[in-house]
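Okay, thanks for squeezing me in. Let me put the model up on the screen, and then I'll talk you through it.

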Amino acid sequence: MKKIILLIAIFISASLTAQVGQARILKVKDGQMDKFVSSVSKKTKMFNDSEGSDKYFTFRILTGPNTDDFIRVRWMESIGELDNYNPDSEEQKYWQKNVMPYYTEGTARVWSRNANLSYVPENSSGNLRRVIYYNYKDSGEQDFWRFRGRVKRAMTESGYPSRVSVLVCNSGCNGNVVQVRFHHDGFVGQSSDYGEPLQNMIAKYNEIFGDESYAQDSAKMAESLEENGRSIRHHEYLPELSSSW
């Protein structure tokens, strides 16, 4: 019980101090794709690619209801930076004049990155994101976060090759919504990552936490979710429309 309480305390602490992403869905108007892509790329290079500038990252949605829409994420070190938005700045005036005519805006959300439960190996790369969205019950909090914490440890000790980011929805979502983002080098890379590396991670999980613990814990995690509380999407990271990391 103490370990579970500690894990949840770590999760809450990380959420309060974490990096934050303000994400907006942008729906490109018919016939305006080339102009949209060119304008976003130019604006990003002009205003968001130097030290100290606001950082923006852009993804194309590949599957699901918003297929071919874009997600534009303003990435910040803390949620307090949301107060710094200035609609009269040269940057915002440029966006309003040169990019806004080509899209309509969809859902906006604010996400925080849980660094304690995210996994970042050395030399990880790839522009494909396999994103699993979870919505867990209030009563399932312990089982959900215990599984994520154990997976992080098993990935670390097994040397899992791909990056995994855990983001918690702070605003714009219904319920306890989390996205787990698996980074892959294309769909071939995804297939490779879910072969031997995944099996090695599961074996390490069972070695650390006991025989069949991965199956048992993943089942409890599944039971912790709301009805239809798991969905999968693929996103493509677009470096030409994004700030340099």
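So, strand 4 and strand 6 pair here in the antiparallel sense, over 4 bridges. If you want a residue pair to look at, take Val-110: its bridge partner in strand 6 is Ser-171. And before anyone asks, yes, this is a predicted model.

Now zoom out to the whole sheet. There are 8 strands, and they close into a barrel. Going round, the order is 1-3-2-8-5-7-6-4, with antiparallel pairing. On average, neighbouring strands are turned by 35 degrees against each other, if you ignore direction.

What packs on this sheet? Helix 4, residues 141-158, does, and it touches strand 5, strand 6, strand 7 and strand 8. The direction of helix 4 makes about 150 degrees with that of strand 5. Helix 5, residues 186-193, packs on the sheet too, touching strand 5, strand 7 and strand 8. For helix 5, the angle is about 100 degrees with the direction of strand 7.

Next, the pocket. How much space lies in the largest pocket? About 990 Å³. Its lining takes in 40 residues, and the ones nearest the centre are Tyr-133, Leu-167, Gln-179, Arg-181 and His-235. Each of strands 1 through 8 gives two or more residues to that lining. The largest share comes from strand 4, with 5 residues. As for character, the lining splits into 17 nonpolar, 16 polar and 7 charged residues.

Then there are two helix pairs I'd like to show you.

Start with helix 2, residues 33-47, and helix 3, residues 90-98. Their axes come within 10 Å and cross at roughly 170 degrees. That is over 145 degrees, so helix 2 counts as roughly antiparallel to helix 3. On the helix 2 side, the contact includes Val-40, Met-46 and Phe-47, and helix 3 brings residues including Tyr-94 and Trp-95. Overall, the residues of this contact are 5 nonpolar, 2 polar and 4 charged.

The other pair is helix 6, residues 196-209, with helix 7, residues 213-223. Here the axes come within 8 Å, and the crossing is roughly 95 degrees. These two helices are therefore roughly perpendicular to each other. Which residues meet? From helix 6 you have Met-201, Ile-202, Tyr-205, Asn-206 and Phe-209, and they meet Ser-213, Tyr-214 and Asp-217 in helix 7. That contact divides into 5 nonpolar, 2 polar and 1 charged.

That's my tour, so fire away.

Methods:
Residues are numbered from 1 along each chain as its sequence is written. This is a predicted model: local features need pLDDT of at least 70, side-chain atom pairs count only at pLDDT 80 or more; totals for chains, interfaces and linings use all residues. Side-chain values use heavy atoms; hydrogens and water are left out. Axes are lines fitted to C-alpha atoms, for helices over the stretch in contact, and angles run from 0 to 180 degrees between N-to-C directions. Angles under 35 degrees count as roughly parallel, over 145 as roughly antiparallel, 65 to 115 as roughly perpendicular and the rest as oblique. Contact means heavy atoms within 4.5 Å. Ala, Val, Leu, Ile, Met, Phe, Trp, Tyr, Cys and Pro count as nonpolar, Asp, Glu, Lys and Arg as charged, and the others, Gly among them, as polar. On a 1 Å grid over the protein atoms alone, a cavity is a set of points where a 1.4 Å probe fits but cannot get out, and a pocket is an open set with protein on both sides within 12 Å along at least five of seven lines; lining residues have an atom within 4 Å of a point. Grid points are joined across faces, edges and corners, and a volume is the space filled by probe spheres set on the points. Two strands pair if DSSP finds at least two bridges between them.
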